[in-house]
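Biologist: Could you take me through one part of this model in some detail? I'd like to hear about the salt bridges, and then whatever you can say about the space inside.

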Amino acid sequence: MDGSGTEDATAEAGSVLDAGRRDTEGALRTFGVEEELLLVDPGTGEAVPVAGALWDLYVRPMDSASGPVLTAEFQQEMIEVVTPPHATMAALEADIIRGRAIADRAAQDVGVRVAALATSPLPADPHPVQLRRFMAMTEEYGLTAREQLTCGCHIHVSVESAEEAVGVLDRIRIWLPVLIALSANSPFWHGKETGYASYRSQVWNRWPSAGPLEILGSPDAYHQLVHDMISTGVALDEGMIYFDARLSRHYPTVEVRIADVCLRPENTVLLAGIVRGLVETAAREWRDGIEPVAVPAALLRLAGWKASRWGLRGELLDPLTSRPSSALAVVNTLLNHIRPALEDSGDLDRVEALIDDLLAAGTGAVRQLEVLHRTGELQDVVADAINCTLWAPAE
């Protein structure tokens, strides 16, 4: 369920994220990805609560120390794939593709498949994993928790200090709504078209502790805010601090959590490349004493809503002016902002090519709607999503 509460259960699974240092050869920030996937019946397309049965059979790969692994999630209709940290987009892409394949093989052992869908196109009645913490969350948050069958993509990027990390959070915050538009992959809810490209964003923001941060300025201010939120009793614990981007509790990384899980693996790779570019650019600005752009969190919520509503098929709010602009113009503004960092990491050509492909083909939301309008069947949307989830480029 978009990572709500799984950190205590998995300790981030050794997650992406011993990442916290730069690659010693290329001086690149390492990055890794956590992708949440639906477990679906390949015949009916419905989400199926079989995570428990899957875990009874799943054996961690022998090379798991250096490859992707599976972890549990809040709902039994979900599974999470966690990559190790990498220094290059190519290496990360290989593990994203491999991790999805590992998840699908495990799913097939219990008669289901995995689908990279941020919400279930068909109606679903989720079943929380029977852990004490998850049951407490279900009791406390009612329908918000019971309906929270959403799949996100979380990207971790290494940072060198707590001071740098908060400097990064203060400077990437205005750009994060664009990531919703780029990743939008959830146009359906309970079997109906929502009118939103990313309805997951709407559902996710029901959590009282979710959303954008104000500018904080220091690690002390960040940790004081977290402490104060938990002290209210509204957020049960630190694992429930669901900022759009946050400091990892276990590893020296910044974790960007705002995006839908992407339908196709190459779109996840694009997202990761952009996020690393944002983190590096923000860290450089912090070191150079460039102040963050002072956009109130209330305006960032509006930017996130607009990105959730339209994806790339409408106007977005320009991150620098908070005024409406075409999606293409906003994406180009983002790319220009991170261009020097992408050039230095060798990622520019790949990111530009992937952006061109995404703008031409459309987001996962666009594809899901096209399949439904062509076939008239939500089951066909899920069947197509299974194929897209496991798609890999030709050698």
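Modeller: Let's start with Glu-164 and Arg-287, which form a salt bridge with their closest N and O atoms 3.5 Å apart. Bear in mind that this is a predicted model. The two partners come from distant parts of the chain, 123 residues apart: Glu-164 belongs to helix α6 (residues 162-172), and Arg-287 to helix α10 (residues 265-287). Their surroundings aren't alike, either. Glu-164 counts as buried, at 1% relative accessibility, whereas Arg-287 is partly exposed, with a relative accessible area of 44%.

This pair doesn't stand alone. Glu-164 and Arg-287 sit in a network of salt bridges that also links Arg-29, Glu-280, Arg-284 and Asp-344. Across the whole model, the count comes to 21 salt bridges.

Now for a couple of others. The side chains of Glu-214 and Arg-173 meet in a salt bridge at 3.6 Å, N to O. Here both partners are in loops: Glu-214 in the one between β8 (210-211) and α9 (219-231), Arg-173 in the one between α6 and α7, so the pair ties together parts that are 41 residues apart in sequence. In this case the Glu is the partly exposed partner, since Glu-214 has a relative accessible area of 44%, while Arg-173 is buried at 5%.

Then there's Arg-276 with Asp-347, whose side chains meet at 2.8 Å, N to O. Arg-276 lies in helix α10 and Asp-347 in the loop between α12 (327-345) and α13 (348-361), so this salt bridge ties together parts 71 residues apart in sequence. Both Arg-276 and Asp-347 are buried.

As for the space inside, a search of the whole structure turns up three cavities of 30 Å³ or more. The largest of them holds about 100 Å³ of space. Its lining is made up of 14 residues, and the ones nearest the centre are Ile-174, Ala-303, Leu-317, Asp-318 and Pro-319. Three elements give two or more residues each to that lining, namely α7 (176-183), α11 (297-310) and β12 (315-317). Of these, α11 gives the most, with four residues. By class, the lining of this largest cavity has 12 nonpolar residues, one polar and one charged.

Terms used. Residues are numbered from 1 along each chain as its sequence is written. This is a predicted model: local features need pLDDT of at least 70, side-chain atom pairs count only at pLDDT 80 or more; totals for chains, interfaces and linings use all residues. Side-chain values use heavy atoms; hydrogens and water are left out. On a 1 Å grid over the protein atoms alone, a cavity is a set of points where a 1.4 Å probe fits but cannot get out, and a pocket is an open set with protein on both sides within 12 Å along at least five of seven lines; lining residues have an atom within 4 Å of a point. Grid points are joined across faces, edges and corners, and a volume is the space filled by probe spheres set on the points. Ala, Val, Leu, Ile, Met, Phe, Trp, Tyr, Cys and Pro count as nonpolar, Asp, Glu, Lys and Arg as charged, and the others, Gly among them, as polar. A salt bridge is a side-chain nitrogen of Lys or Arg within 4 Å of a carboxyl oxygen of Asp or Glu. Buried means under 20% relative accessible area, exposed over 50%, partly exposed in between (1.4 Å probe, protein chains only).
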